[in-house]
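This report follows a few side chains through one protein chain, beginning in its interior and moving outward. The sequence and structure come first, and the reading of them comes after.

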Amino acid sequence: MKKQTGPGQRGYTFVALVLLLGAGFLVPGAPVIPVSGATSQDWNPKSFWFEPWGVSGVHKGIDIFAPLETDVLSATSGILIYRGKLRLGGNVVAVLGPKWRIHYYAHLSESNLQVPLLIARGSRIGQVGTTGNAAGKAPHLHYAIVSIFPLPWHYSDASRGWMRMFYLDPGALLQPSAS
């Protein structure tokens, strides 16, 4: 016999869900530079949202240049939600971090993490590489931050402006690394 849930129990479930979602926004999220030894001098601050940008049309992240196989560190604490290969990104890792933001790391030479996994800020998640559409280019990490929830105040009537509600400029958010 199936147990019936009453309106009160559904109400508690809804409140718990709202509290969980709200808590994700309250967790501090000050990401650090995700390449070992890198500084803000290792990327072009004008590369975020640069258009036109190859097949993707708009460059929705920053490219942090470093020697091949330099350690890539998690910019924030979070949950590893994807590790695999994508056509343009090559070897990629995605971490769900504070404020319901996905931190996307692409062109890695390798990563041997297993999903799901709790990741601490500053943990090694891979190495700088030239995989995906970075083949034949200088080694770098493509780093992007994507909000799961739209940020309407970022909307623009420019080309692809609706996408700005989801993509944040990593260069503007990164703090110097603790290492």
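In this predicted model, both Y105 and Y143 are buried, each having under 20% relative accessible area. The two residues belong together in another respect as well, since the structure holds one aromatic pair, and the rings of Y105 and Y143 form it, with centres 5.3 Å apart and planes at 35 degrees, so that the pair is described as tilted. Because Y105 lies in strand β7 and Y143 in strand β10, the pair ties together parts of the chain that are 38 residues apart in sequence.

The surroundings of these rings are nonpolar in character: among the 28 residues of the largest nonpolar core, Y105 and Y143 are the ones that touch the most other members. Two or more residues are given to this core by each of β3, β6 (90–97), β7, β9 and β10 (140–147), and β10 gives the most, with three residues. In soluble globular proteins, nonpolar side chains tend to be buried together. Beyond its neighbours within four places in sequence, Y143 is in contact with a list of residues that includes P31, P34, I62, I64, H103, Y105 and L174.

Which residues are linked in a network of salt bridges? The network consists of D71, E110 and R124, and the count of salt bridges comes to two. In one of them, the side chains of R124 and D71 meet at 3.0 Å, N to O; as R124 lies in strand β9 (residues 124–128) and D71 in strand β4 (residues 71–73), this pair ties together parts that are 53 residues apart in sequence. In the other, the side chains of E110 and R124 meet at 2.5 Å, N to O, and this pair links strand β7 (residues 101–110), where E110 lies, with strand β9, where R124 lies, across 14 residues of sequence. Side chains of opposite charge can pair when their charged atoms come close.

The members of this network, together with two further residues discussed below, count as partly exposed, and their values are set out here.

| Residue | Relative accessible area | Class |
|---|---|---|
| D71 | 28% | partly exposed |
| E110 | 24% | partly exposed |
| R124 | 35% | partly exposed |
| E69 | 47% | partly exposed |
| L86 | 39% | partly exposed |

E69 has its place in the loop between β3 (62–65) and β4. When residues up to four places away in sequence are not counted, E69 touches S109, Q127 and V128. E69 and L108 are 39 residues apart in sequence, while their C-alpha atoms are 8.2 Å apart in space.

On the surface, I79, I81, Y82, L86 and L118 form a nonpolar patch, and together they have about 450 Å² of accessible area. Where does the largest share of this patch come from? Strand β5 (residues 78–86) provides it, with four residues, and L86 has its place in that strand. L86 is partly exposed, because its relative accessible area of 39% falls between the 20% limit for buried residues and the 50% limit for exposed ones.

Taken together, the description moves from the buried rings of Y105 and Y143, through the salt-bridge network of D71, E110 and R124, to the nonpolar patch on the surface that includes L86.

Technical notes. Residues are numbered from 1 along each chain as its sequence is written. This is a predicted model: local features need pLDDT of at least 70, side-chain atom pairs count only at pLDDT 80 or more; totals for chains, interfaces and linings use all residues. Side-chain values use heavy atoms; hydrogens and water are left out. Patches are made of residues with over 30% relative accessible area and no salt bridge: like charges are joined within 9 Å, nonpolar side chains (Val, Leu, Ile, Met, Phe, Trp, Tyr) within 5 Å. Accessible areas come from the Shrake-Rupley method with a 1.4 Å probe; for residues, only the protein chains shown count as cover. A salt bridge is a side-chain nitrogen of Lys or Arg within 4 Å of a carboxyl oxygen of Asp or Glu. Buried means under 20% relative accessible area, exposed over 50%, partly exposed in between (1.4 Å probe, protein chains only). Contact means heavy atoms within 4.5 Å. A nonpolar core is a set of buried Ala, Val, Leu, Ile, Met, Phe, Trp, Tyr and Cys residues joined through side-chain atoms within 4.5 Å. Rings of Phe, Tyr and Trp (its six-membered ring) pair if their centres lie within 6.5 Å; planes under 30 degrees apart count as stacked, over 60 as edge-to-face and the rest as tilted.
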